[in-house]
Amino acid sequence: MRQHRRTLRLLGSLLLVAMAASVTGAAPAPAASPTPLDRVIPAPASVDPGGSPYRITRGTHIRVDGSRETRGVGEYLAKILRPSTGYRLPVTAQGAGGIRLRLAEGPFGAEGYRLDSGRGGVTITAAKPAGLFHGVQTLRQLLPAAVEKDSVQPGPWLVAGGTIKDTPRYGWRGAMLDVSRHFFTVEQVKRYIDQLALYKINKLHLHLSDDQGWRIAIDSWPRLATYGGSTEVGGGPGGFYTKADYREIVRYASSRHLEVVPEIDMPGHTNAALASYADLNCDGVAPPLYTGTEVGFSSLCAGKDITYDFVDDVIRELAALTPGRYLHIGGDEAHSTSHEDYVKFMDRVQPIVAKYGKTVVGWHQLTGATPAKGALAQYWGLDGTSAEEKARVVKAAQNGTGLILSPADRVYLDMKYTKDTPLGLSWAGYVEVKRSYDWDPGAYLPGVPGGAVRGVEAPMWSETLENSEHIEYMAFPRLPGVAELGWSSAASHDWERYKGRLAAQAERWNALGIEWYRSPQVPWGAGGR
């Protein structure tokens, strides 16, 4: 009799479900299934799926070892998961099971990790805190996109069973943000940092000075910021970072395992400095502030000693604020500087960078002079760049100069997607998502030794960009592809497979409130609405 009653109750429940479906026209919801381990971006080095998934529940703990760095990664993860799950998720060194973050010796390098998932829990293992942090980004993508929301969601919170072993192809996976053409606040920069971290970007290149604005306070030359930073493209109010502001950006980036690479562009792109101090001009006359978008018309005076006093002061103060290894000195589009003066200028400036303990980075025009030992040249040429210019870069690489690849007609994120894109420029052509992804950094410049390519970087120039929504619209969906070019093996690069993984990211961007471009090249599905 008891069994008969249970059967009747079961039939009744099924009948109610069927009636609800007939009224709404909807089929019963399928059972939740976890995201496959190979659906993340960048593509992991190896994936071995299998076994039962792990389910995050109210009883889940985040277990860490005794190190401050590991606890920091654990607290970061908990802060992401708590709002959407509604769970406490205590970060603790006690107990068993749950989500475990551990540092251990192994074949991980400085940024690699191993993720093991099964019914009993998830363990992320790395040799360094950066590896744990990158493993956490993979874990985020294995959870439903709703995990990114800031209010409680229904779940369930499943992580597919199996093992991921992952290490990056290149050590330099960068994104540049131009805060000079239009100024972006500390909070806007932090928002972009969080978006970069999701895809394992590890360098934030800040373009801090240009013709339209000087954006960092220099105590020994105060008018650079107060006057040179007082405007921007179109004549807006501009702005600048105090030293405390800049330190906060550096601190926040470091907490997301990004190294800040500051750039002071010189000897060209310097009108904001020239307008601030007349003595920096060869004729001693300060030009007016500039709010247009032309390039190549300004130059520091290579023949004046005060020029090098100025450079020394700026680099000294900026180096003292920057714990990272690199300082970018620009060097591009110096059309108003003679070749002789350009070479003289770079020969004097590069040793100043070394004097203050930093490694020189410059745009690839630096190879027209003599790059310092250990210097990196950032190549921004096009497919159509002259053979002579490419040969000069290749020769420098063969002689020991490292290369960061940022071809403008591939990874300049401010290039329009199509002629109808409302933002951006098109001087390097139109750069749709497939074109941005579908190339190999290791084979891009024939003749460059494999070891000379240090990585890739996606610049975001801001002549037409005024807010975070503009930045995001131009970065997404191209940025994840550039991140994959920097992280994943060349053998994994396949547009047909990649575009499906990219489409799956749309729901996550929606959950994070990211503005993005619905490229017709990608099968977005429901997430593209």
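Which residue is the bridge partner of Arg102 in E7? It is Thr125, and the first close-up below shows where the two strands meet.

This is a predicted model, in which local features need pLDDT of at least 70, side-chain atom pairs count only at pLDDT 80 or more, and totals for chains, interfaces and linings use all residues. Residues are numbered from 1 along each chain as its sequence is written, and side-chain values use heavy atoms, with hydrogens and water left out.

**View 1. Strands E5 and E7 run parallel.** Strand E5 covers residues 98–103 and strand E7 residues 121–126, and 6 bridges join them. Strands (E, at least two residues) and helices (H or I, at least four) are DSSP runs, numbered from the N terminus. Both strands appear in an open sheet of 7 strands with mixed pairing, in the order E1-E9-E6-E7-E5-E3-E4. At the edges are strand E1 (46–49) and strand E4 (91–92), each pairing on one side only. Two strands pair if DSSP finds at least two bridges between them.

**View 2. Gln378 sits in strand E17.** This strand spans residues 376–379. Gln378 is buried, with a relative accessible area of 0%; buried means under 20%, exposed over 50%, and partly exposed in between (1.4 Å probe, protein chains only). The Gln378 side chain makes polar contacts with the side chain of His328 (3.0 Å) and with that of Ser406 (3.0 Å). A polar contact is a pair of N or O atoms within 3.5 Å; within protein, one must be able to donate a hydrogen and the other to accept it, and residues adjacent in sequence count only if both atoms are side-chain atoms. Leaving aside residues up to four places away in sequence, Gln378 also touches others, including Trp363, Glu457 and Pro459 (contact means heavy atoms within 4.5 Å).

**View 3. A disulfide joins Cys282 to Cys301.** The structure holds 1 disulfide, a pair of cysteine sulfur atoms within 2.5 Å; here the S to S distance is 2.1 Å. Both cysteines lie in the loop between helix H7 (271–276) and helix H8 (305–321), 19 residues apart. The torsion about the S-S bond is about 105°, so the disulfide is right-handed. Cys282 is exposed at 57% relative accessibility, whereas Cys301 is buried at 7%.

**View 4. The largest nonpolar core has 139 residues.** Trp214, Ile216, Tyr241 and Phe310 have the most contacts inside this core. Helix H8 gives the largest share, 8 residues. A nonpolar core is a set of buried Ala, Val, Leu, Ile, Met, Phe, Trp, Tyr and Cys residues joined through side-chain atoms within 4.5 Å.
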